[in-house]
Amino acid sequence: MIQPPLDLFGPEPQQLAPHTTLLPGFALAQVEPLLDALRLVLKAAPLRHMRTPGGLPMAVALSNCGALGWVSDEHGYRYTPFDPQSNQPWPPLPLVLQALAGRAAALAGFEGFVPDACLVNHYRPGDRLSLHQDRDERDFSQPIVSVSLGLPAVFLFGGLQRSEPARRIALNHGDVLVWGGEDRLRFHGVQPVGPGVHSRLGERRINLTLRKAG
Ligand code: SIN
Ligand code: FE2
């Protein structure tokens, strides 16, 4: 009987655009240490619904770790070294996360990526993130590394203009997506997360985006 080839190395990376790579399941082997680290981060800097400069609460709950954290309030969007809620520095970037992001970036062609900021986005079923660009970082030569955990989501990956049509990319538990280079300023967002209960994370999706912000 002919056996199918044994998939020893997991699914192959997928090149989605010139400088955008999906690494399916890349974080799966690290999920438990990642969740342990995340628990400590969220204890020190609890998730909160930040307000847009217009005053509306964002659907997605957010926190940060690393030397810099992204905040939004009536003064606008920016990175700060302090959590405005506690007036303390953000919790440090867990080593397991920094190392994972560095390996993912290198596989995607971005050697030497050392993030100094990680946004933690927490979605409940129904929560969405509207199309936006990540442009509050200083150096756009550095990529964004996104780690998805929990419920699946449809990531919208558009063009450099808001009006361009967006591709729909399935992001599942453990997937890592890296975008940089000429794709760095593409508009992107997340469709409303569908109902469901993830076996490890329950009724939630958590996305970690690692950046070089400062
Ligand atoms: C983001 O754009 O900052 C988050 C993307 C995601 O949740 O997948
Ligand atoms: Fe973003």
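## Glu137 and its partners

In this predicted model, the side chains of Glu137 and Arg184 are joined by a polar contact of 2.9 Å. Glu137 has a second partner of this kind, since a polar contact of 2.5 Å links its side chain to that of Tyr79. To place this residue in the chain, one can look between strand β9 (129-132) and strand β10 (144-150), where Glu137 is found in the loop.

Is Glu137 buried or exposed? Its relative accessible area is 4%, and because buried means a value under 20%, Glu137 is counted as buried. If residues up to four places away in sequence are not counted, Glu137 touches Tyr79, Arg184, Arg211, Lys212 and Ala213, so that both of its polar partners named above, Tyr79 and Arg184, appear again in this list.

## The iron site

Which residues of the protein serve as donors to the iron ion (ligand 2)? They are His132 through NE2, Asp134 through OD and His188 through NE2, and they lie 2.1 to 2.2 Å from the ion. Along the sequence, these donor residues follow the spacing H-x1-D-x53-H. Two of them, Asp134 and His188, link distant parts of the chain, with Asp134 in the loop between β9 and β10 and His188 in strand β14 (residues 188-190), 54 residues apart.

The side chain of Asp134 also makes a polar contact of 3.1 Å with the side chain of His188, and another polar contact, of 3.2 Å, joins the side chains of Asp134 and Arg211. Both Asp134 and His188 are buried; for Asp134 the relative accessibility is 5%, and it counts as buried because the limit is 20%. Leaving aside neighbours within four places in sequence, Asp134 is in contact with Phe140, Ile144, Trp179, Arg184, Leu185, His188 and Arg211. Arg184 and Arg211 are therefore among the residues in contact with Asp134, and they are also among those that Glu137 touches.

## Aromatic pairs

How many aromatic pairs does a search of the whole structure find? The search finds four. One of them is formed by Phe155 and Trp179, whose rings are tilted, at 5.5 Å centre to centre and with 45 degrees between the planes. This pair links distant parts of the chain, because Phe155 belongs to strand β11 (residues 153-157) and Trp179 to strand β13 (residues 176-179), 24 residues apart. Phe155 is buried, with a relative accessible area of 6%, and Trp179 is buried too, at 1% relative accessibility.

Trp179 also pairs with Phe157, and here the arrangement is edge-to-face, with 6.1 Å centre to centre and 65 degrees between the planes. Because Phe157 lies in strand β11 and Trp179 in strand β13, the pair ties together parts that are 22 residues apart in sequence. Phe157 is itself buried, with a relative accessible area of 3%. Taken together, Phe155, Phe157 and Trp179 form one aromatic cluster, and Trp179 is one of the residues in contact with Asp134, a donor to the iron ion.

A ring can also meet a charge, as in the case of Arg205, whose charged end sits over the ring of Tyr123 at 4.9 Å from its centre.

## The annotated region

According to the UniProt annotation, which comes from an unreviewed entry, residues 114-214 are covered by "domain: Fe2OG dioxygenase". Over these residues the chain is 0% helix and 42% strand, and the C-alpha atoms at the two ends are 11 Å apart.

## Two loop residues

Asn172 is found in the loop between β12 (167-171) and β13. With a relative accessible area of 36%, Asn172 is partly exposed, and, apart from neighbours within four places in sequence, it is in contact with Ser148 and Pro152. The C-alpha atoms of Asn172 and Thr80 are separated by 30 Å, and the two residues are 92 residues apart along the chain.

Asn87 lies in another loop, the one between β6 (82-83) and β7 (88-89), and it is exposed, with a relative accessible area of 59%. What is the sign of phi in Asn87? Phi of this residue is near 60 degrees, which is a positive value in a residue other than glycine. Most residues other than glycine have a negative phi.

Terms used
Residues numbered from 1 in each chain as written. Chains lettered and ligands numbered in written order. Predicted model: local features only at pLDDT ≥ 70, side-chain atom pairs only at ≥ 80, totals over all residues. Heavy atoms only, no water. Phe/Tyr/Trp six-rings, centres within 6.5 Å; stacked < 30°, edge-to-face > 60°. Helix = DSSP H or I, 4+ residues; strand = E, 2+ residues; numbered from the N terminus. Buried < 20%, exposed > 50% of the residue type's maximum accessible area, 1.4 Å probe, protein only. Lys NZ or Arg CZ within 6 Å of the ring centre and 35° of its normal. Polar contact = N/O pair within 3.5 Å; in protein donor to acceptor, adjacent residues only side chain to side chain. Contact = heavy atoms within 4.5 Å. Donors = N, O, S within 2.8 Å, 3.2 Å for Na, K, Ca; no water. UniProt positions renumbered as here; feature names shortened; annotations may be inferred.
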